[in-house]
Amino acid sequence: MGKDKLKRFAEVATFPNVVQLDAGLPFKGKWARDFFKNGNPVVLELACGKGEYTVNLAKLYPGKNFIGVDYKGNRIWRGAKDALEDGIKNVGFLRIQIETLLEYFADGEVDEIWITFPDPKPQVSREKKRLTSPRFLVKYRHVLKPGGFINLKTDNDGLHVYTAEKIEELGLKLHVKTEDLYHSEFADEVLSIKTYYEKKYLQDNKNINYLKFSFQ
Ligand SMILES: C[S@@+](CC[C@H](N)C(=O)[O-])C[C@H]1O[C@@H](n2cnc3c(N)ncnc32)[C@H](O)[C@@H]1O
């Protein structure tokens, strides 16, 4: 492991806005009250990487709490450091495997979910690892409040089509679907937040797909 990565791992453990693994368990059902010390809604960014959505949504919506979830501490380091340096209080990061989400969030605790440029896992044998496979959707259904939105931004056309198929198969409610976000009517201030990976894909002239859906 590189020296910088090791330094970031050590530093991220000292950040007050980062919670790692088991340290997050006591916050289940109490993120707003005990972590953020308020009663505001909690929004998750899953596979957050450097947490661009978490930090920028927090700036746009000071009346909500935002938690970036990823298992890579050296990536979370970036977003957590930016939030600390800018004095943004409604940002937190949780370093866990998304598979364990139900251990960390109570039923109905989450207002909205963002999934930003997740690894597409195109191989059929890896379907269960896709963050929009039924195995993960069932977890999101638990933690989301009734009617809470899931937003998926991806450069990967296959993952976009796959997710749209699951939405239909499972009878979920589709609110927005576009295969070319930046040439659509939907590219507002929120959807134009660009993540580290998104910027790379845009440089390669990739289209950006977007889906917004809910369970009811
Ligand atoms: C392609 S990167 C995207 C990062 C960021 N959202 C962006 O757009 O720049 C995918 C991220 O998902 C994280 N990830 C993948 N599977 C995960 C899992 N099961 N649990 C937690 N994080 C996961 C990886 O660590 C990585 O940071």
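Start by selecting alanine 47, which sits in the loop between β2 (42-46) and α3 (52-60). Before you go further, keep in mind that this is a predicted model. Check the backbone here: alanine 47 has a positive phi of about 60°, even though it isn't a glycine. That's worth a pause, as most residues other than glycine have a negative phi.

Now jump back along the chain to leucine 21. You'll find leucine 21 in the loop between β1 (18-20) and α2 (31-35). Here, too, phi is positive without a glycine in sight, at about 45° for leucine 21. Is leucine 21 buried, partly exposed or exposed? Its relative accessible area is 39%, so leucine 21 counts as partly exposed.

Next stop, the aromatics. Select Phe27, Trp31, Phe35, Phe36 and Phe105 together and show their side chains: these five residues form one aromatic cluster. The structure as a whole holds ten aromatic pairs. One of them joins phenylalanine 27 and phenylalanine 35, so hide the rest and zoom in on those two rings. How are they arranged, stacked or edge-to-face? The pair is edge-to-face, with 5.4 Å from centre to centre and 80° between the planes. Switch on a surface and look at how covered they are. Phenylalanine 27 has a relative accessible area of 18%, and because that falls under the 20% cut-off, it is buried. Phenylalanine 35 comes in at 17%, so it counts as buried too.

For another ring pair, move on to phenylalanine 136 and tyrosine 140. Their ring centres are 6.4 Å apart and the planes meet at 35°, so this pair is tilted. Turn the cartoon back on and you'll see both residues in helix α6. Phenylalanine 136 and tyrosine 140 are four residues apart there, which means that about one helical turn separates them. Both phenylalanine 136 and tyrosine 140 are buried.

Last, head for the surface and colour by charge. Select Arg126, Lys128, Lys129 and Arg135: what do they make together? These four gather in a patch of positive charge on the surface. Pick out lysine 129 for a closer look. Lysine 129 lies in the loop between β5 (110-116) and α6 (134-143), and α6 is the helix that holds the phenylalanine 136 and tyrosine 140 pair you just visited. With 37% relative accessibility, lysine 129 counts as partly exposed.

Definitions and conventions:
Residues are numbered from 1 along each chain as its sequence is written. This is a predicted model: local features need pLDDT of at least 70, side-chain atom pairs count only at pLDDT 80 or more; totals for chains, interfaces and linings use all residues. Side-chain values use heavy atoms; hydrogens and water are left out. Patches are made of residues with over 30% relative accessible area and no salt bridge: like charges are joined within 9 Å, nonpolar side chains (Val, Leu, Ile, Met, Phe, Trp, Tyr) within 5 Å. Accessible areas come from the Shrake-Rupley method with a 1.4 Å probe; for residues, only the protein chains shown count as cover. A salt bridge is a side-chain nitrogen of Lys or Arg within 4 Å of a carboxyl oxygen of Asp or Glu. Lys and Arg count as positive and Asp and Glu as negative; His and the chain ends are not counted. The place of a charge is taken as NZ of Lys, CZ of Arg, CG of Asp or CD of Glu. Helices (H or I, at least four residues) and strands (E, at least two) are DSSP runs, numbered from the N terminus. Buried means under 20% relative accessible area, exposed over 50%, partly exposed in between (1.4 Å probe, protein chains only). Rings of Phe, Tyr and Trp (its six-membered ring) pair if their centres lie within 6.5 Å; planes under 30 degrees apart count as stacked, over 60 as edge-to-face and the rest as tilted.
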